[in-house]
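Here are a few short exercises on rings, charges and cavities. Have your viewer open and try each task before you read its solution.

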Amino acid sequence: MATRQAIVSLFIFLVFNIFLLAVCHAAKPSLETKVSALNQFSTNNNGVVELDSDLYDEFVAKPRNYSMIILLTAMEPQINCLPCKEFDPEFRLVAKSWQWSGNDLSRLYFGSLDFKKGREVYAKLHLNNAPTMFYFSPTTGPYAKEVSEPDKYEFNRRGFSAEEFASYLSGHVGIKVPVKRPINFFAIFTTIFIILGTLAVIKLIFSFIKKVFQNRNTWAAISLVIILMMISGHMWNHIRSPPYVMSNNGQISYIASGFSNQLGMESQIVAMMYAICASSMCYLMFHVPKIEDSTKQRFGIYLWTGILVGTFSFIFALFRIKNPGYPFRLFI
Amino acid sequence: MKSPSLSFIVLIVLSICLIHNTSATTENEIIIPQYWINTKFIRTIDITTAVVRENIAILAQNVHNEPLREYYFPINENFDVHLSYITVKEKKTSKIFNIVKADFDSFKRIQFYKIIFDRQIDPHEKIVFIMSTAFIHMLTPYPVEIAQSGRQNLLFRGNLYGNSAYTTEQQKTTIKLSTANVISYTKIPGVSRNGNTIIYGFDKKKPDDYEELLVHYEFQQALLTIKGVRRDFEISHWGNNLAVEEHYNLTHDGAKLKGQFSRLEYQQTVYTHHETIMARDFLLVLPGHASEVYYRDEIGNVSTSRLRKERERTILEFKPRYPLFGGWNYTWYYGYNVPLGDFLKYDHQTGRYIFQVSSFIDPFHNAVYDKAQIRIILPEGASNVKVELPFPVNKETHTVFKTYFDSKGRYLVVLDKYNVVQEHSSPFLVSYEYSTLELLRKPLVASTFFFCGFLLSMVYSRMEFRIGK
Amino acid sequence: MKVLGLDTQNLSALLKVVILGLIAAVALASRLFSIIRFESVIHEFDPWFNYRTTRFLVANGFYEFWNWFDERSWYPLGRVVGGTVYPGLMVTSATIYNILRTLNFTVDIRNICVLLAPLFSAFTSVAAYLLTSEIKDSSAGLLAAAFIGVAPGYISRSVAGSYDNEGIAIFLLLFTFYLWIKALKEGSAYWGALTALFYFYMVAAWGGYVFIINLIPLHAFTLILMGRFSSRLYVAYSSFYILGTLMSMQIPFVGFQPTRTSEHMAALGIFGLIQIIAFVEFARSYISSNQAQILFKSFVVLSFVGMLSGLVLLTLGGYIAPWTGRFYSLWDTGYAKKFIPIIASVSEHQPTAWPSFFFDLEMLIFLFPAGIYLCFKELRDDHVFLILYGITASYFAGVMVRLMLALTPVVCVTSAIAISRLFDIYLKLDDTDKDNTSAKNNKPAIEKSNTSAKSNKSAIEKSSRKGDASRSTSSSTSKSSEKKKKSEQFRILGFDTRILVITNFFFFLVIFTWHCTWVTSNAYSSPSIVLASRQADGSQYIIDDFREAYYWLRKNTDYSSKVMSWWDYGYQIAGMADRAVLVDNNTWNNTHIATVGKAMSSSEDVAYQIMRRHDVDYVLIIFGGLLGYSGDDINKFLWMIRIAEGVYPNEVREVNFFTPRGEYRVDDEATPTMRNSIMYKMSYYNYNELFGGQGQDRVRGARIPADKIKLDTLEEAYTTENWIVRIYKVKNLDNIGRSLEQAGAFELGKKKRKRVKRAN
């Protein structure tokens, strides 16, 4: 009884093994075929191998005597993956420059797998965000590395620029991966043209320009604008690039919460407030005293003082929003 | 011609050196003439605190054929360095006898002390006197390391037979302990122990008989040693104010902390802290009128401490930044101001000011002091200063100290003493003369200073620095 | 008329002195909150280094200090303190100390250091007075002094105990500018030399001297462009530049930079330019043919271009060092974040949002533009200076929070000018009084007109021959003089309106003082080494864990032991614990810091290797989890990782510390790398046991994983009362050559067996 079972199981086991072997053989093409296929693909499609799920599995499968960088992207319009669209040209640029770099092409291949052709891969890798890029280092051959895990490219840290990408590749492959941006003649021409045009215009109205240039009010205006921008935290916006306004569930908020935090709109409002206060000061100093008629003058003074106080108290109110612990207020 | 003479000189020099050395290294063994016999020799060794106090009542008889007034008493060198004080008084009249350091037996390493009675003792006459001594650093923790909330055992080593320069006929030794649980003690016939006292008795002992006495017992208190204390008393007649400042350098000499300190365990065993040997806070009693009290260490206020005012006294609940375990150190200083009237009197007959320092050291959690320094800063212009001390100090210096608004400096008295214990916490007096005219010195100095300043500015403003017109 | 036997002249002089004295007293007093609340102690981090060096200087004298090699910091590298420090601060306080000692004032050096900044802010208000009264008049000067005395933007860096370079540097900055203006007006080498002297002091005191050495040339250049070149400018600038540069090169830390680095090239270039122009002016006075004029003009332009290109070439050739990172990051604001994370990681290098401008300057912030406008109205040389200062400083303040400090003085000066101008107009009562005041105002006005007339004369001469620019200036000056005349005729007719405006602004000023006091007492007066909290009964409870730990280290560890901690605490450990540290706040060696970061962020065995290699005896970390102290090391951990990754990109990977969802977690979801890092282990060691179960982190608001944290290579040496500071001892190698892990396991096994024995 027992023996019989044993025999049966043994038999099954053998069969199964044979079957397995057969399958493996069927599924695994030789390295040469893979490389040639890759070469062909890449040369046809200047440097980039367009993959689908099967090809992906085939080329990723060990052994590899080449290293491969594979971009998992989603270019379909309905998915609307902006970073994918942003990165795609850069990726192709690097691939192209690699192709023309004269290096041994079989060292590195660029693969690109689109979502619509590679859902299975996405599913298999549990990927839920694109673009994602993996670097597969060679497992056999002179450049083999023992690292079996593919290395993931960190978009959030390295960004989307071709240069950064190329340096990353150079680091991994060991050869300098170049980036040759095609020269955009059109842009150059346009810039030259514009410069010439402006020069011509300046020449035409030179006397006027000169008047403006030597008029102190222009300079006053310029420097005051600069100062107002600076003291209303424009540099903060420039560096941190916050949203212009915040719209959460319907209503739009112009004021960001938090003391060291602000919105684009907010800083402009503040600049405006400062400008109003400053100008009312100036009116009180220069304009009003020159008025000869006493009633007009009185009216002017009351008006500007009112504006000044009102704006200032508004600034106070604004500041209390930013800093709730602030004890002082002015009228409002 | 020249070289031999030179070599000769060298030779002489060398030989001189040689002689000198030998003379330096000759050991002088001292033979005490056996003029006395101790008919009774009763010791009580008190090791209930960190200080070892040994009281010896001696009934001595003159066996010489002529009257004597000197009695020698030996103390081993390794004990002598820890000797904190020694006094002798007669039993009946409790009259203090004079005791002086006699010469040193560098062969047996024994220091002799000479007791000088107030009268001649005739042959065959007897005298009963009590000698009380105190030693510090005689108790060593064993085992050396214990856990954070472990129990501490101490080891006391001594001479089983009281050391004496003369033969003893009958002897009794009583050892007082703080606890009843003694791990071990030297067991010999005729020893008896009940509770926390151990009693030995012998008769017929020759002068240099020695046998080690060993007592190993539990001692669940911190062994605090003050490596050094400096107490400043600054007298100001201007502010009618006495400024006191005390600098402490404290070490916990108990069994060391095994391993490292665990805050977790510390917080979990908070209710048993009083049972451990860890020292966490001390109560320092300040005078009632103490004001502007501050307590700092090298990096600022000791914010863990606090001050409590009572009617008669001010209490500083001093708590170091961290609890003190065995082997840990802490240094700090505190100070305060008190009205001068509480401590300074004016004697109208002699026309002298008398300043009383309430005590040489503050009794501090029965800690022992390796070194204590008292600095008394008398006001500027104080003259012919006298210091009257109840006991001798190792060093007394009179010098000058300069501080705010001083022109010629203040009179500074510095007193240094080593191996200080509670018995030294007794008051003493400093008296000096001081003329009221001296009060005017400071304002004069200050005003002249400012006057010069204004004068300079006046001159400057009237000068002309322009070149040409 | 006479008041207390003094005529108006003397009375006003007396009043000025008294008021200025009072202002100085207020400026000093309003910085003492921290002493009154807490104690007289050194604050924060850098001051502790300055304090330590000052102590060294006082103890060992100047020469010892000058070539002091401090082997107790940056172990094992050490640091050449004498050559890498701006000695001005220490020398100043040491000098004060010695002077007082010679006068028998036995003041503790600590108190001098603590009170130095308030003292110098009193001086600053005087300097502001001088500068402003040089530009407008003494009433404006007094206002400016009052403003700078209490403006929070300046108080933030100069409260008692913040013993830092800025404390004295701002005074030097203002005073140097005052002397420069003076020199420019007088056109005298005497004032120029004085300027150079104080510039030297500034160089010795603060790295911000670069601002001066770029602003003054900018001023000179602008004046040249405006066609206002004059012999006064030539004398003032040449004397200042030559003497100043020579003296500044005496500071070892500066050395040959003035000839080698881009920061100083502007000054050098302007110096050359000004020489050429002077020569041309001289030659022009002899030759007067038009072609020659054109020739000269082109010569000037060409030489300027030539110098510029030469500078560029030298820079490219590497003979001149390009801008150093710290300064370069001011221009290219993204630079630091990418390449110098150490600079970017410091909170005071962040850009400034508008609320902090308002917080630090309240109403001055909108008086500032008004004042600048005023400067444009009558555009004299010193006004040009103010405008340039205002623009540049406001830009810098926008880029970096800490540079608010540089902006505050000019804001105070300009707004003082604006307000005093307003009061001039609205306080003129009747004509007699008007004459009186205007008499006072006129005197400077007249001088001005003289000086401007002088400049006019030359300008007119020029314009007669050539010079459109100069014509414009002459016209401008004449215009300004007309305006001055008009301003004499300004009249406010209604009395009520005067009252209205005056009361209104008086009210504003009152609010301003309230604001300043409030800000000072609430925001800028806590010495960050002790934390204050309120108890249930409202009494103040002081959390003093830092000093507890430091003093424990100081008293109970071997003097030669090395302490590893994140660089923020290096200076404090050196100062308070007096132990050798690996890295400190003088972040001169990125690699060393990165090594410490790597040790902190890597697993025990890797870290152990690093620590052994650097002979580390103790590791000190800050942990706020129990108390909710948010400035602790777990929150700074990301920066450690980033800095470490910058140097060891293969060993340390930032991504491994983020959960797949890209979050930074410490609870059950924390990544294995995070949990294995010794920083994590040290922070939460024994923490669960305290709660008997899962520990609650009050900063991150997270529950710590329940599994017990095991440390093999480190053992807890000391933890402070509130667990804020935790000190660990690095174990020695095992006696019988096992790895410490095995040893630990063995011990554990033994314990277990014991327990079993006890059980049965």
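The exercises below go from ring pairs to charges over rings, then to an annotated span and a cavity.

This is a predicted model, where local features need pLDDT of at least 70, side-chain atom pairs count only at pLDDT 80 or more, and totals for chains, interfaces and linings use all residues. Residues are numbered from 1 along each chain as its sequence is written, chains are lettered from A and ligands numbered from 1 in the order in which they are written, and side-chain values use heavy atoms, with hydrogens and water left out.

**Exercise 1.** Classify the ring pair C:Phe62 and C:Phe65, and place both residues.

Step 1. Rings of Phe, Tyr and Trp (its six-membered ring) pair if their centres lie within 6.5 Å; planes under 30 degrees apart are stacked, over 60 edge-to-face, and the rest tilted. The structure holds 113 such aromatic pairs over all chains.
Step 2. For C:Phe62 and C:Phe65 the centres are 6.5 Å apart and the planes at 40°, so this pair is tilted.
Step 3. Both residues belong to helix α3 (residues 46-66) of chain C, 3 residues apart, about one turn of the helix. Helices here are DSSP runs (H or I, at least four residues) and strands likewise (E, at least two), numbered from the N terminus.
Step 4. Buried means under 20% relative accessible area, exposed over 50%, and partly exposed in between (1.4 Å probe, protein chains only). C:Phe62 is at 37%, so it counts as partly exposed, while C:Phe65 is at 0% and counts as buried.

**Exercise 2.** Which rings have C:Lys377 and C:Lys729 over their faces?

Step 1. The test asks for NZ of Lys or CZ of Arg within 6 Å of the ring centre and within 35 degrees of the ring normal.
Step 2. C:Lys377 lies over the face of A:Phe286, at 5.1 Å from the ring centre.
Step 3. C:Lys729 lies over the face of C:Tyr618, at 5.4 Å from the ring centre.

**Exercise 3.** Describe residues 562-618 of chain C.

Step 1. An unreviewed UniProt entry lists this span as "domain: STT3/PglB/AglB core"; such annotations may be inferred rather than shown by experiment.
Step 2. The end C-alpha atoms of the span lie 6 Å apart, and the span is 53% helix and 14% strand.

**Exercise 4.** Which residues are closest to the centre of the largest cavity?

Step 1. Of the 16 lining residues, the closest to the centre are B:Arg43, B:Glu54, B:Phe79, B:Phe135 and B:Asn163. A cavity is a set of points on a 1 Å grid over the protein atoms alone where a 1.4 Å probe fits but cannot get out, and lining residues have an atom within 4 Å of a point.

Methods. 1 Å grid on protein atoms, 1.4 Å probe; cavity = no way out; pocket = protein on both sides within 12 Å on 5 of 7 lines; lining within 4 Å.
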